[in-house]
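Here is a friendly walk through one structure. Keep the sequence and the 3D view at hand as you read.

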Amino acid sequence: MNPNIVGIDLGTTFSLAAYVRDGKPEVVRDASGNALVPSVVSFHEDGSVLVGTEARQRALRDPNQTIFSVKRLMGRTLADLKRELELIPYQVIEREPEPGRKVLHVVINGKEHTPEEISAMILREVRRRAGNPTKAVITVPAYFDDTQRQATRDAGRIAGLDVLRIVNEPTAAALAYGLDQRKTGNVAVYDLGGGTFDCSILTLSDGVFKVLSTHGDTMLGGDDFDRALMQLAANDWGLDLNQRDAEVLQALRDAAERAKIALSTEEQTVLRLEVPSRGLSRQRTVTREEFEKLLEPFILRTLDRCRLALRDAGLKPAQIDEVVLVGGSTRIPYVRQRVAEFFGRTPHTELNPEEVVAMGAALQADILSGSRRGMLLLDVVPLSLGIETLGGVVDKVIHRNTTIPTRATTRYTTFVDNQTAVSIAIYQGERELTKDCRFLGKFKLSGIPPMPAQMAQIDVTFMVDQNGLLTVSALERRSGQQAQVSVQPGSGLTQAEVERLVLESVEHAQEDFTARRLIELRNKADADLRHTAKALEQAGEQLEAGQRERIETARQRLTAAMAGNDVDQLQQAVAEFGQATLPLAELLMNSVVQATLQGKTEAEVSPEAIGKGLPPDPEEA
Ligand code: ADP
Ligand code: MG
C-alpha cells in the first residue's frame, strides 16, 4: 500500500502518519507494529544523522548532540523561549538574516540547523515509513500562531511534501471519532502529551467544526510526571538531580517513564536505576496511590485551563456533549477519572490517544483529495489583528476568536496634505497600543496622488486563509493604487504569551483606554489646529475681531492641554476650540457651496472626514 496523501501528527515527543484506506483511517506502522516515531534527531561527528527510535537510544550516550522537542522552537525567537530554554540541553542561537526577522538555529558540532530543517528530518522519516507520499495534511496545536503554522508548512516543504492544509490537532481528534456525524453539539478535547497540555472547545453545526476557544500550558505534560518520579526516587537514594552527569540523568529519566507507564496498568511497580559505568544500582517500589499524589497538582492545573477554555467559549461543563482524550498521558487512569468528574461525562477513549490526531489528519487529507463530500473544518484567529493608526494606536481589523477563513476591510485616510504614501504596520494582540502588541510586518502604499488630508480613501483588507495565514492589502479608492503583503511575521508567540496577553488586556483595559483616548484626542486637536490655521489664512479677515480673539484664546488653551496628560481637560479644550471655530467653519461652508455652484468638483473643496488617519511613510516624511 502506497498512499500518495497522508495525515501527519508532528508531535513534540512523537510523530506519526496515517492514511485512509477503504474509507477508514489506518496508522502507518513498522514491521514490529510501532506507529510512533520519536521526534528526536541526533547528529554525529562522522556526519551521520539519526532520526526517531535510533536517535532516542543514542540520547543516552550523546545528550548534547541529540535534539528533542524541536516543535517548541518552531516559529519562535529567543525572547519567546525563556522558560523552555532551561530544559533544552543543546545550544540555541538567534540570527537576524534581515532587520526585524529573527531565526533560531540549533548548533550541533559547530553546524547550525533551523528548527524547520530539523522538523523536516522528522517529517522525512515519517514520510519514508509511509512509502514516500507527496502530499500531506499536518496538524498543529490550536494555539499555534501564524509564524508557527508557517514554520510547520515550511518544514513540510523542506521534507518534500506538498502541504495541503495545516489542521488543528483537537479538530483532527474530533474528526477521528466521527463526531461530525452528530451534526450539532459541543466537544471538549483534552490533550495531555509529553510536554504540553491544551484543552479546546469545539462546536459543531451542520457537521462543521469550529474551535470556540483553547487554553493550555506549553510546559506541562508527561515529562513533568517523569520528573516528579525521578525526584521521589532521588530523594530516597540521596542522589542530586542538579548534578551534571547526563548519563545518570538520562537513565533515571527512562526508568521513571517506564515506571509511570507500568502504573497505568499495575497497582504498583519497581523503579529501577542501573548505570553499570557509574557503579549505580538502585530500586524502589512505587504505588499507584503515591503516584496519584504526585499527579494531583498537575491535574489541577489542567482542569484550571479547561475552566478558562469553557469560560471563553461561554459554556458550562454540562453543555459539553462529548469529551475526547488525546495524548499518551491520558492513558493514566487517574487522569481519565478526574476529567470525567470535571465534565460530568465519560470521555472517549476507544481510539488510541497517541494515534487519534494522525487518524483525523488522514480523514481531512482524504476529504481534500476529493474522495469525500465537501466538508469544511473551521478554526479561529487566536489573537486580534490590526494596523497602527496615528500615534501608536492599534486599530483592530479582525478580532480574536473570529472563525477562519475570514476577511475584513476597514477604511482609513491620509493625515497630512499631499501625503502620497502611507505606511501600514500590522500588529497582533489584545492591547490598545502598538508598544504592547506584537509587530507582524509592514508595507507601504505609495503613488497616492497629492490631495488634501483626509481626502484619500484607503481600504485595508485583512484576509486569513484556512491555514490561518494572513494577507493584508491596501487600496486607495480614488487612484486605484494598491499594495499587499503576505505576513511572514518576524517571530511568533508562545501559548503562555498569548494567555498573558489576553490576561493583560483585561488587566490594563482602563489605562489602555485612557492612553488611546489621549492619543486620539491629540491627533484630533492637531488636525483641527492645522485646518483652522489654513482656514484663517483663507477667510480669517471676514471674521469679526471678537470671533478671532475667541479662536486665539481657545487655540492657546488647546495647545496647553495637548502638552498635558489630562484626558478630560483635553477633551474639553477640543470641544471649546470646535465651538470657537464654528463661525469660521460656517464661513468656509458658504464658500464651499459657492465654489460648488461655480462648478468646482466636490473632491477639490469638500474634505470630509472619512476615517482614521494613517501615518505617512517615514522615508517620505
Ligand atoms: P506529544 O503529542 O507531546 O508528542 P504524546 O501524545 O505522544 O506526546 O504523549 C507522550 C507522553 O505520553 C509521554 O510523556 C509518555 O511517557 C506518555 N505515555 C505514553 N504511554 C503512557 C501510558 N501508558 N501511561 C502514562 N503515560 C504514557
Ligand atoms: Mg500530541
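How many residues lie between E13 and E14 in the hairpin they form? There are four residues between these two strands. Before going further, keep in mind that this is a predicted model.

## Strand E13 and its neighbours

Let's stay with E13, which covers residues 185–192. Eight of its eight residues are buried, so this strand is largely enclosed by the rest of the structure. You can check that from both faces. Gly 185, Val 187, Val 189 and Asp 191 point one way, while Asn 186, Ala 188, Tyr 190 and Leu 192 point the other way, and all of them are buried.

What does E13 pair with? Its hairpin partner, E14 (residues 197–205), runs antiparallel to E13 and is joined to it by eight bridges. To find this pairing on screen, look for Gly 185, which stands opposite Leu 204 in E14. E13 also pairs with strand E18 (residues 322–326), this time in the parallel sense and over five bridges. Here the pair to look for is Val 189 and its bridge partner in E18, Val 324.

## Strand E11 between E1 and E12

Now move to strand E11, residues 135–140. This strand is mostly covered, with five of its six residues buried.

E11 has parallel pairings too. Strand E1 (residues 5–10) runs parallel to E11, and five bridges join them; Asp 9 has Thr 139 of E11 as its bridge partner. Six bridges link E11 to strand E12 (residues 162–168), again running parallel. In that pairing, Lys 135 stands opposite Asp 162 in E12.

## Around ligand 1

Which residues come nearest to ligand 1? Out of the 17 residues around the ligand, they are Thr 13, Glu 257, Lys 260, Ser 264 and Gly 328. Helix H7 (residues 246–262) gives the largest share of this shell, with three residues. Sorted by class, the shell holds three nonpolar, ten polar and four charged residues.

A few atom pairs are worth zooming in on. An N or O atom in the side chain of Thr 13 is 2.7 Å from an oxygen atom of ligand 1. The side chain of Lys 260 likewise has an N or O atom 2.7 Å from a ligand oxygen. With Thr 12 it's the backbone that takes part: one of its N or O atoms lies 3.2 Å from an oxygen atom of ligand 1. As for cover, ligand 1 taken alone exposes 580 Å², and the protein buries 90% of that.

## A four-stranded open sheet

Further along the chain, you'll come to an open sheet of four strands in the order E21-E20-E24-E25, paired in the antiparallel sense. Why is one side of E21 and of E25 left without a neighbour in the sheet? E21 (393–398) and E25 (438–445) stand at the edges with a single partner strand each, so one side of each has no neighbour there. From one strand to the next, the twist averages 30°.

Within this sheet, E20 (residues 385–389) and E24 (residues 422–428) make an antiparallel pair over three bridges. Ile 387 has Ile 426 in E24 as its bridge partner.

Over in E21, have a look at Asp 395. Is Asp 395 buried or exposed? Asp 395 is buried, with a relative accessible area of 7%. Its side chain makes a polar contact with the side chain of Tyr 412, at 2.7 Å.

## Two residues with positive phi

One last stop is the backbone. Most residues other than glycine have a negative phi. Where do we find Asn 109, which has a positive phi of about 50° although it isn't a glycine? Asn 109 is in the loop between strand E9 (101–108) and strand E10 (111–113). This residue is partly exposed, with a relative accessible area of 42%.

Lys 183 is another case, with a positive phi near 75°. Lys 183 is in the loop between helix H5 (169–176) and strand E13 (185–192), which brings us back to the strand we began with. Lys 183 is partly exposed, with a relative accessible area of 40%, whereas the residues of E13 are buried, eight of eight.

Terms used. Residues are numbered from 1 along each chain as its sequence is written. Chains are lettered from A and ligands numbered from 1 in the order in which they are written. This is a predicted model: local features need pLDDT of at least 70, side-chain atom pairs count only at pLDDT 80 or more; totals for chains, interfaces and linings use all residues. Side-chain values use heavy atoms; hydrogens and water are left out. A residue is near a molecule or strand if one of its heavy atoms lies within 4 Å of it. A polar contact is a pair of N or O atoms within 3.5 Å; within protein, one must be able to donate a hydrogen and the other to accept it, and residues adjacent in sequence count only if both atoms are side-chain atoms. Accessible areas come from the Shrake-Rupley method with a 1.4 Å probe; for residues, only the protein chains shown count as cover. Ala, Val, Leu, Ile, Met, Phe, Trp, Tyr, Cys and Pro count as nonpolar, Asp, Glu, Lys and Arg as charged, and the others, Gly among them, as polar. Two strands pair if DSSP finds at least two bridges between them. Axes are lines fitted to C-alpha atoms, for helices over the stretch in contact, and angles run from 0 to 180 degrees between N-to-C directions. Buried means under 20% relative accessible area, exposed over 50%, partly exposed in between (1.4 Å probe, protein chains only).
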